[in-house]
Amino acid sequence: MDYFAHPTAIIDSPCEIGAGTKIWHFAHICAGAKIGARCGFGQNTMVAGDAVVGDNVKVQNNVAIYGGTTIENDVFLGPSCVLTNVTNPRSQVNRHSLYERTLIRRGATIGANATIVCGTTLGRYCFIAAGTVVAKDVPDYALMVGVPARQQGWMSRHGHRLKPGPDGSLRCPESGYRYELRDGALRCLDLDEEAPLPAEFAVGKQVYDAFKTASLISTARTSRSRLNSKPRSNASCATASSSSAKKSPNSRLPLPSSPGRSTPSGSAPAPTPSCSR
Ligand SMILES: CC(C)(COP(=O)(O)OP(=O)(O)OC[C@H]1O[C@@H](n2cnc3c(N)ncnc32)[C@H](O)[C@@H]1OP(=O)(O)O)[C@@H](O)C(=O)NCCC(=O)NCCS
């Protein structure tokens, strides 16, 4: 056994659990579950028999991953977020053979207490804000907020809102990586979506708000210097003015058209009581 399970965890067999995965207090892994390497399952989590979980998936306390759910590598499931697998449950009607698929693609984050209605696909590196209710497909890198979920902007692979950079591309204030909207899909220009993050970016250095403030200042500076220089004829992306940047940093970023719902397809050290195991 090359994974760790706390003595209070229940691991039914047969199931697959990859090397380096840690399963904490009162978790339950059902027979038939497939779990990758280097994952973390917090207190009171559950993985059903026909759920599939990739590598390096971080599942915070009180999350149940029901049958019909596929979770790709590097996904973060925030505490007490809710996944579902029947759109129209009724206690008197058995729909065990009718579970609807939910696909959570690589690098996605689901915030605390958010709910994902089944039959949806969450795109790569999308970011679902705390408490949001998602009932439709979500594009790659989209930041979704509220009930029902509405796209409020784009989040980088590092979890920062993307802002227009000096060359017109969208920039991550932490990594400096550039992103561009092409044919309605956001893509990172500096790192392939399937490539692992370079080690230098694997540990955060400042809290979220520090990057927000810093990038607002630099956006305002960029805008001021543009006002003082000749306009570029080939500028194709939206650029925030200093006043609009302060009010709403992403208010002028391009957003895709409204996404539709998909068709079904397919004795160890004590844990730190933290949100992020
Ligand atoms: C969405 C999030 C990333 C912040 O994004 P942001 O764009 O920087 O948001 P801001 O803080 O600038 O707030 C912008 C507006 O959105 C609102 N807002 C922020 N988060 C919200 C949320 N989860 N739901 C609803 N509204 C939210 C703010 O109140 C603010 O509203 P206002 O314009 O009326 O004042 C963050 O609030 C969030 O939800 N993070 C997830 C945290 C989490 O679940 N972590 C789990 C591991 S511990």
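# Exercises on a predicted model

Pro148 is placed in the loop between strand 21 (142–145) and strand 22 (150–154). The structure used in these exercises is a predicted model.

## Exercise 1: Strand 21 and its partners

Task. Determine how strand 21 is joined to strand 22, and which residues stand opposite each other.

Solution.
1. Strand 21 and strand 22 are joined by 4 bridges and run antiparallel.
2. Within this pair, Leu143 stands opposite Gly153 of strand 22.
3. The two strands form a hairpin with 4 residues between them, and in this hairpin Gly146 has a positive phi near 100°.
4. Strand 21 also pairs with strand 19 (residues 127–128): here 2 bridges join the strands, which run parallel.
5. The bridge partner of Phe127 in strand 21 is Leu143. Leu143 therefore has Phe127 as a bridge partner and stands opposite Gly153.

As background, strands of a sheet pair through backbone hydrogen bonds, either parallel or antiparallel.

## Exercise 2: Cis peptide bonds

Task. Find where the peptide bonds from Ser13 to Pro14 and from Val147 to Pro148 lie, and state the omega of each.

Solution.
1. Most peptide bonds are trans.
2. The bond from Ser13 to Pro14 is cis, with omega near 5°.
3. Pro14 belongs to the loop between strand 2 (10–11) and strand 3 (16–17).
4. The bond from Val147 to Pro148 is cis as well, with omega near -5°.
5. Pro148 lies in the loop between strand 21 and strand 22.

## Exercise 3: Positive phi and burial

Task. For Arg38 and Asp74, give phi and location, then decide whether each is buried, partly exposed or exposed.

Solution.
1. Most residues other than glycine have a negative phi.
2. Arg38, although not a glycine, has a positive phi of about 60°. Arg38 is in the loop between strand 6 (34–35) and strand 7 (40–41).
3. Asp74 is likewise not a glycine, and its phi is positive, near 65°. Asp74 sits in the loop between strand 12 (69–71) and strand 13 (76–77).
4. The cut-off for a buried residue is 20 or more other C-beta atoms within 10 Å.
5. Asp74 counts as buried because it has 22 C-beta neighbours inside 10 Å.
6. Arg38 counts as partly exposed because it has 17 such neighbours inside 10 Å.

## Exercise 4: A residue of helix 1

Task. Is Asp209 buried or exposed?

Solution.
1. Asp209 lies in helix 1 (residues 208–227).
2. A residue is exposed if 12 or fewer other C-beta atoms lie within 10 Å.
3. Asp209 has 8 other C-beta atoms within 10 Å, and is therefore exposed.
4. Asp209 and His160 are 49 residues apart in sequence, and 9.5 Å apart in space from C-alpha to C-alpha.

## Exercise 5: An open sheet

Task. Which strands are the edge strands of the open sheet with the order 23-24-25-26?

Solution.
1. This open sheet is formed by 4 strands, and the pairing is antiparallel.
2. The edge strands are strand 23 (163–164) and strand 26 (185–188), each of which pairs on one side only.
3. Strand 25 (residues 178–182) and strand 26 are joined by 4 bridges and run antiparallel. Tyr179 stands opposite Cys188 in strand 26.

## Exercise 6: The whole chain and its confidence

Task. How many helices and strands does the protein have, and where is the pLDDT below 50?

Solution.
1. The protein has 2 helices and 26 strands. Of its 277 residues, 36% count as buried.
2. The average pLDDT is 84, and 77% of the residues score at least 70.
3. The pLDDT is below 50 over residues 219–252, a stretch with 37 contacts in the model beyond near neighbours in sequence.
4. The pLDDT is also below 50 over residues 257–269, with 21 contacts beyond near neighbours in sequence.

Key. Residues are numbered from 1 along each chain as its sequence is written. This is a predicted model: local features need pLDDT of at least 70, side-chain atom pairs count only at pLDDT 80 or more; totals for chains, interfaces and linings use all residues. Two strands pair if DSSP finds at least two bridges between them. pLDDT is the predictor's confidence in each residue, from 0 to 100. Two residues are in contact if their C-beta atoms, placed from the backbone, lie within 7 Å.
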